[in-house]
Amino acid sequence: AILDTFLTNVGSDFCVYPIKFIPDYLFKNENFINRYVNLLCWFYNDELLDYNFTELIPREVLKNKELCKKFLSCNYCEIVDDVPEEFWGDQSVVFASLEGLENHIEYRENTSMLMPPDKTECISYLFEKVSKDLSNNKDFILDFLDYEYFFECFDVVYDWVDKSLWLDKNFVKKVLEKDCDAVN
């Protein structure tokens, strides 16, 4: 309740950051940190918060994959560069990123003063982060192709895919079922 009141009434222009007055031991309490992260995500999703995530959470919190996924899904752009490298081999982290990226693009499209980012550039940057181990994971790639919001960026995915998969007739058929333009 105290954090809710604080975040409702204090903006980032006050230069007061919650992590400065929240005792460190609370960030080691799983119940507290889950409630705190959920509260932050709720505020961000309702556009009630103008702090950067890095001003609101200690770095140790990002070592928790589940919390990272929550942050990525609600505020991808501010957190993407702080996600531990080992998490990028987990497809659920990539899909949380896609959700957050979609939310960010749609927000920018619906805000008259902001230009939306280029989807292809966003997906290209994301795939710079994603572990190459996933580049030969057929299920991951096919699941990605089901994420229709980014269909015009599939060329980025096709270029990233391990070349040996294009020799697998069954894989190619499944890709073509999802995207007949993939033949190019």
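The sulfur of Cys77 lies 6.4 Å from the closest cysteine sulfur, which belongs to Cys122, and that is too far for a bond. The criterion applied here for a disulfide is a pair of cysteine sulfur atoms within 2.5 Å. I should state at once that we are looking at a predicted model. A search of the whole structure finds 0 disulfides. Seen from the other partner, Cys122 is in no disulfide either, and its nearest cysteine sulfur is that of Cys77, 6.4 Å away.

Are these two cysteines buried or exposed? Cys77 is partly exposed, its relative accessible area being 38%. Cys122, by contrast, is buried, with a relative accessible area of 14%. The limit that matters for that assignment is 20%, since buried means under 20% relative accessible area.

Let me turn to another cysteine, Cys153. Where is it found? Cys153 sits in the loop between H7 and helix H8, the latter covering 154-160. With a relative accessible area of 1%, Cys153 is buried. Its C-alpha atom is separated by 9.2 Å from that of Cys122, and the two residues are 31 residues apart along the chain. If we do not count residues up to four places away in sequence, Cys153 touches Lys119, Thr120 and Ile123. Of these, Lys119 and Ile123 also take part in the contact of H6 with H5, to which I shall come shortly.

Before that, a few words on the chain as a whole. It contains 9 helices and 0 strands. Read along the sequence, the pattern is accordingly α-α-α-α-α-α-α-α-α. Along its principal axes, the C-alpha trace spans about 60 × 40 × 20 Å. The chain has 184 residues, of which 43% count as buried. Considering the contacts with a separation of 6 or more, 60% are between residues 24 or more positions apart.

Now to the packing of the helices, beginning with H5 and H6. Helix H5 comprises residues 91-109, and helix H6 comprises residues 119-129. How do H5 and H6 run relative to each other, parallel or antiparallel? Their angle is about 155°, with the axes 11 Å apart. H5 and H6 are therefore roughly antiparallel, and their crossing is right-handed. On the H5 side the contact involves Val94, Ser97, Leu98, Leu101 and Ile105, which meet Lys119, Cys122, Ile123 and Leu126 in H6. By class, these residues divide into 7 nonpolar, 1 polar and 1 charged. Cys122, with which I opened, is thus one of the H6 residues that H5 meets.

H5 also packs against helix H7, residues 138-145, and here the angle is about 15°, with the axes 11 Å apart. H5 and H7 are therefore roughly parallel to each other. The crossing is again described as right-handed. The residues that meet are Gln91, Val94, Phe95 and Leu98 in H5, and Phe140, Asp143 and Phe144 in H7. This contact has 5 nonpolar, 1 polar and 1 charged residues. Val94 and Leu98 take part in the contact with H7, and both are also listed in the contact with H6.

One residue outside H5 deserves attention in this context, namely Tyr76. Tyr76 is placed in helix H4, residues 65-79. At 4% relative accessibility, Tyr76 counts as buried. Which residues does Tyr76 contact, leaving aside its neighbours within four places in sequence? They are Phe71, Ser97, Gly100, Leu101, Cys122, Tyr125 and Leu126. Among them, Ser97 and Leu101 on H5, and Cys122 and Leu126 on H6, also belong to the contact of those two helices. As for Phe95, its C-alpha is 11 Å from that of Tyr76, the two being 19 residues apart in sequence.

I close with a helix pair elsewhere in the sequence, H1 and H3. Helix H1, residues 2-9, and helix H3, residues 30-45, pack at an angle of about 25°, with their axes 11 Å apart. H1 and H3 are therefore roughly parallel to each other, and the crossing is right-handed. From H1 the contact takes in Leu3, Asp4, Leu7 and Thr8, and from H3 it takes in Phe32, Tyr36, Leu39, Leu40 and Phe43. By class, the contact has 7 nonpolar, 1 polar and 1 charged residues.

Definitions and conventions:
Residues are numbered from 1 along each chain as its sequence is written. This is a predicted model: local features need pLDDT of at least 70, side-chain atom pairs count only at pLDDT 80 or more; totals for chains, interfaces and linings use all residues. Side-chain values use heavy atoms; hydrogens and water are left out. Axes are lines fitted to C-alpha atoms, for helices over the stretch in contact, and angles run from 0 to 180 degrees between N-to-C directions. Helices (H or I, at least four residues) and strands (E, at least two) are DSSP runs, numbered from the N terminus. Angles under 35 degrees count as roughly parallel, over 145 as roughly antiparallel, 65 to 115 as roughly perpendicular and the rest as oblique. A crossing is left-handed if the near helix is turned anticlockwise from the far one by less than a right angle, and right-handed if clockwise. Contact means heavy atoms within 4.5 Å. Ala, Val, Leu, Ile, Met, Phe, Trp, Tyr, Cys and Pro count as nonpolar, Asp, Glu, Lys and Arg as charged, and the others, Gly among them, as polar. Buried means under 20% relative accessible area, exposed over 50%, partly exposed in between (1.4 Å probe, protein chains only).
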